[in-house]
Amino acid sequence: HKGPVLTLIRLLDGQTLQLYAEPKTMGQDFLNQICTMLGAFEKYYFGLSYKDDKGESTWLKMDKKVLKQEAVLVDDHLEMHFSIRFYPVDVTQVLQYVTLYQVFLTTHEAIVRDELDVSNKDAFMLAALYLQAKRGDYVEGVDVLDAVAQEALIPSRNMRALSQELKAQPADINRFFAEEIVRIWRSLQGILRHLAVLKYMQITQKHPRFAMQYFDIKNKKGTPLTLGVNQHGLAVYRHSKMSRPVVSFSWAECSELAFTDKKFTIQVHNRETKAFSVYTNRSKMCQRILDLCIGLHSLYVLALR
């Protein structure tokens with residue numbers, strides 16, 4: 001492809017940015033442009049993702065030319081998503097509100113997509129805090145309830161659980177939930193938007209699987225398992241029991257992470273403990289896991305300082 005390629009980048013607030021990838025444009029150039037536009041200097045939390053030829057979500061490499069990577073052209077242009085790549089170890093350590101707000105938007109998307117089991121009580125509180133953060137204080141209006149009922153604010157898992165608990169089914173379940181969200185939102189009157197964002201994040205980051213990214217793996221016997229990686233370390237889960245890991249390793253415990261072909265190995269500081277190995281379908285997957293671990297581990301080291 002000769003000449004610049006139009007790249008549509010979806011931001012976390014739903015806006016789409018148009019950038020052009022020249023033959024010499026590096027991944028970092030794109031990230032710099034977006035961060036400059038947002039006024040964000042904590043660039044190390046962010047990343048740009050795209051779908052590769054296998055339809056898998058892949059992070060754009062910062063030190064490589066954009067057009068030399070595996071992003072697939074869609075009708076003569078590229079499509080990418082700007083989001084949080086490496087979550088902070090603790091949200092109170094984030095220096096800029098603009099960064100915290102992006103973490104908040106990414107987390108809200110994950111919760112609404114059912115990627116985090118939150119209690120029913122937390123689901124309503126988070127929905128109300130989200131509205132307080134986005135819109136400020138509740139203002140009486142005819143269409144407020146309808147607007148809240150139409151917005152996806154409660155994860156479908158919680159909605160199903162709550163619907164089963166109700167003795168009598170209301171005529172309009174979405175409106176019934178919207179009334180409860182609005183009731184809590186009204187009680188948050190006077191809480192400043194940035195404090196609502198912080199409160200939201202403090203509730204979600206307590207969750208053991210907060211910001212967990214998952215990978216399909218197998219053990220030596222070929223049993224399918226799931227590897228989870230987040231800002232605290234790595235965990236291996238059985239498919240049937242995602243609530244509790246079979247084994248987990250904090251960043252403090254890991255002395256070395258490496259892979260050869262499709263085998264990913266975790267070595268701990270205690271030399272008497274045998275290295276722990278898992279297997280992936282592609283060596284590319286091992287590289288992705290390692291890249292994620294390196295980025296998160298360096299933020300962990302930074303947080304210790």
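The largest pocket of this structure has a volume of about 1,300 Å³. The model is a predicted one. A second pocket, ranked next by size, has a volume of about 480 Å³. Strands of an open sheet of 5 strands, with mixed pairing, contribute to the linings of both pockets, β3 and β4 being among the contributors to the largest and also to the second largest.

**Largest pocket**

- The lining comprises 48 residues, and those nearest the centre of the pocket are Ser-49, Ser-57, Trp-59, Arg-113 and Gln-213.
- Two or more lining residues come from each of β1, β3, β4, β5, α2, β6 (213-218) and α8 (283-304).
- Strand β5 provides the largest share of this lining, with 7 residues.
- By class, 23 of the lining residues are nonpolar, 12 are polar and 13 are charged.

**Second largest pocket**

- This pocket is lined by 25 residues, with Trp-59, Leu-60, Lys-61, Arg-85 and Asp-291 lying nearest its centre.
- Trp-59 is thus named among the residues nearest the centre for the largest pocket and for the second largest pocket.
- At least two lining residues are supplied by each of α1, β3, β4 and α8.
- The largest share, 5 residues, belongs to α8.
- The lining divides into 10 nonpolar, 5 polar and 10 charged residues.

**The sheet**

- The strand order of the open sheet is β2-β1-β5-β3-β4, and the pairing is mixed.
- Strands β2 (16-21) and β4 (57-59) are at the edges and have a single partner strand each, so one side of each is left without a neighbour in the sheet.
- From one strand to the next, the twist averages 35°.
- In general, the strands of a sheet pair through backbone hydrogen bonds, in either a parallel or an antiparallel arrangement.
- The pairing of β1 (residues 5-10) with β5 (residues 78-84) is parallel and extends over 4 bridges.
- Within β5, Glu-79 is the residue that stands opposite Leu-8.

**Helices on the sheet**

- Helix α2 (residues 97-112) packs on the sheet and touches β1, β3 and β5.
- The direction of α2 makes about 110° with that of β5.
- Helix α1 (residues 27-38) lies across β1, β2, β3 (46-51) and β5.
- Relative to β2, helix α1 runs at about 145°.
- Both helices also take part in pocket linings: α2 gives two or more residues to that of the largest pocket, and α1 supplies at least two to that of the second largest.

How values were computed. Residues numbered from 1 in each chain as written. Predicted model: local features only at pLDDT ≥ 70, side-chain atom pairs only at ≥ 80, totals over all residues. Heavy atoms only, no water. Pairing = 2+ DSSP bridges. Axes fitted to C-alpha atoms, helices over the stretch in contact; angles between N-to-C directions. Contact = heavy atoms within 4.5 Å. 1 Å grid on protein atoms, 1.4 Å probe; cavity = no way out; pocket = protein on both sides within 12 Å on 5 of 7 lines; lining within 4 Å. Points joined across faces, edges and corners; volume = space filled by probe spheres on them. Nonpolar A, V, L, I, M, F, W, Y, C, P; charged D, E, K, R; others polar.
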